[in-house]
Amino acid sequence: MFTGREAELNYLKGYYDRVGSQIIVLYGPKGVGKTTLIEQFLEGKSYLYYEAVCCSTRQQLFYLGQHLKGMGLPMSEYPSFEEIFALFSTHSVKKQVLVIDEVQNFCKTDTLFFEALCHFLTVQKEHGSLFVILCSSSIGWVENTMLGKLGPLQELISGCYKVKSLGYREFAGNFPGFTQEDSIGAYGILGGIPGLWQYFNDEFTLRENIESFILQSNEKLFDYGQQYIEEQLRETAVYNTILSTLAGERNKLNELYRHTGFPRAKISVYLKNLIQLEVVEKVPSMNTKGRENVQKGMYRISHPYVHFYYRYLFPFQNKLSIMEADEFYEQYIEPTFRQYTAEYFIKVCREFLERENRAKHLPAEYVRMGQWIGKTGNIDFLLEDAEGSLLAGICCWDKDMLTYEDYERFLFCQKQARIHADYVALFSRVRFDQAIQIEAKKNPCLLLLTLEQLNNN
């Protein structure tokens with residue numbers, strides 16, 4: 001599925017069009033669409049693509065040799081890197097492309113691959129050029145290990161691009177058959193990972209998708225959440241414990257300590273690993289004068305499907321194995337699903353504001369955006385321009401109507417944060433009560449938006 005990746009495609013084309021050989025590192029979470037992006041880029045080009053596996057260098061070269069033999073190329077049983085790169089030793093005017101996917105599996109034990117590549121590019125400098133794409137789904141390895149492991153060889157790298165998850169607009173565009181509410185609910189499960197989108201069908205309701213494609217033991221998504229963790233990390237039992245605790249809304253270090261019984265130092269190390277993998281994030285709060293009222297040290301699961309899995313499937317596996325899907329859904333998912341989805345509605349609203357800000361449709365041109373997490377309540381979004389003017393607001397998803405009482409609670413949170421918003425935007429899934437509608441008519445700086453209006457923009 002190729003959608004919403006024009007910037008990434010242009011990035012690759014830009015380096016490909018440069019004179020001489022180039023090496024690009026392309027990385028991002030599994031399923032985000034890196035391979036599809038590369039396939040799109042390779043159309044009409046001369047290339048060699050190989051996905052590395054986790055094994056010794058000798059075994060890797062054996063597999064690569066077999067791969068090349070299967071393409072009809074002459075190759076010894078255990079080729080060297082030099083023998084492989086010799087395939088590109090041509091005087092062709094047309095630039096050739098070499099793609100190594102999951103490149104960390106080439107480099108975890110030694111740097112022989114990079115050393116051979118460096119030597120080849122130096123020797124071939126006067127004879128054609130090679131465009132190398134090194135692709136990886138190991139975010140932590142690329143950001144924290146790769147350059148240190150390469151040492152002086154890191155100078156070979158021409159550019160490094162992180163492929164991020166797509167936004168809600170791209171997601172909704174791929175599921176036009178969903179109702180607006182089902183679309184946001186599905187986004188709260190699959191997120192912006194195109195590799196997961198293929199498992200849902202917008203000809204069915206969201207509930208039907210969950211029951212048919214998640215709650216069935218023969219479906220890919222049934223245990224995908226745990227498989228994702230097992231593929232990336234060791235000591236799965238510890239990570240399962242921490243993730244299921246976070247999914248159960250114990251979000252502070254002390255709460256994790258009290259519930260799991262693990263030492264705080266151990267929890268911190270494991271949280272750091274999950275953050276590097278972009279499965280967990282430390283909840284950010286914008287800095288305001290009301291620092292004493294900020295809720296500090298909070299964490300949450302940032303990977304939507306991992307979040308859904310550890311919230312609804314992992315804790316109830318014994319029930320899932322003996323209950324019908326519809327019965328399980330009604331008992332364990334339906335009662336709290338709207339509350340679960342509320343944070344993803346906030347994310348959708350923020351994306352809307354970011355888009356409107358780029359289009360200069362907001363009252364000012366805002367340069368900073370975040371949220372304020374208070375001890376007694378939250379401000380879901382807070383935008384600030386260069387002069388300090390603020391736009392702030394809240395989102396209401398888990399009930400049908402945003403009331404004047406909700407608005408007053410928001411005003412109280414402003415006092416706690418010691419700020420005053422020049423403009424206020426309130427988002428409601430369905431409607432607003434009469435009192436807040438009257439207030440909006442009197443106050444031109446108060447904007448009311450429903451889900452329907454949000455999706456029409």
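Okay, let's start with the surface: the accessible surface of this chain comes to about 21,800 Å², and carbon and sulfur atoms account for 48% of that. One thing to keep in mind throughout is that this is a predicted model.

So how does the chain as a whole look? If you take the C-alpha atoms along the principal axes, they fill a box of roughly 80 × 55 × 50 Å. The radius of gyration is 25 Å, and a compact globule with 457 residues would come out near 23 Å, so the two agree. Buried residues make up 51% of the 457. As for secondary structure, we've got 21 helices and 14 strands. And here's a nice one on contacts: take the pairs that are at least 6 apart in sequence, and 66% of them join residues at least 24 apart.

Let's zoom in on a strand. Gln22 sits in E1, which covers residues 22–27. Is Gln22 buried or exposed? Its relative accessible area is 9%, and the cut-off for buried is under 20%, so Gln22 counts as buried. What is Gln22 in contact with, once we leave aside its neighbours within four places in sequence? The list is Tyr15, Leu130, Phe131, Val132 and Ser158.

Now over to a helix, H11, residues 206–213. The buried ones there are Leu206, Asn209, Ile210, Glu211 and Phe213. A quick reminder: an α-helix has 3.6 residues a turn, so residues three or four places apart point the same way. Back to H11, then: what covers its buried residues includes three other helices, H9 (180–190), H16 (304–313) and H18 (325–358).

Last stop, a pocket. Rolling a probe the size of a water molecule over the atoms shows where empty space is left. The second largest pocket here has a volume of about 1,100 Å³. It's lined by 44 residues, and the closest to its centre are Gln104, Ser137, Ser138, Glu231 and Gln232. Several elements give two or more residues to that lining, among them strand E2 (46–51), helix H2 (34–42), helix H12 (224–232) and helix H15 (264–276). Which element gives the most? That's H7, with 5 residues; in sequence, H7 runs over 139–150. And by class, the lining of this pocket has 17 nonpolar, 16 polar and 11 charged residues.

That's my tour, thanks for listening.

Technical notes
Residues are numbered from 1 along each chain as its sequence is written. This is a predicted model: local features need pLDDT of at least 70, side-chain atom pairs count only at pLDDT 80 or more; totals for chains, interfaces and linings use all residues. Side-chain values use heavy atoms; hydrogens and water are left out. On a 1 Å grid over the protein atoms alone, a cavity is a set of points where a 1.4 Å probe fits but cannot get out, and a pocket is an open set with protein on both sides within 12 Å along at least five of seven lines; lining residues have an atom within 4 Å of a point. Grid points are joined across faces, edges and corners, and a volume is the space filled by probe spheres set on the points. Helices (H or I, at least four residues) and strands (E, at least two) are DSSP runs, numbered from the N terminus. Ala, Val, Leu, Ile, Met, Phe, Trp, Tyr, Cys and Pro count as nonpolar, Asp, Glu, Lys and Arg as charged, and the others, Gly among them, as polar. Buried means under 20% relative accessible area, exposed over 50%, partly exposed in between (1.4 Å probe, protein chains only). Contact means heavy atoms within 4.5 Å. The radius of gyration is taken over C-alpha atoms; the globule rule is 2.2 Å times the number of residues to the power 0.38. Accessible areas come from the Shrake-Rupley method with a 1.4 Å probe; for residues, only the protein chains shown count as cover.
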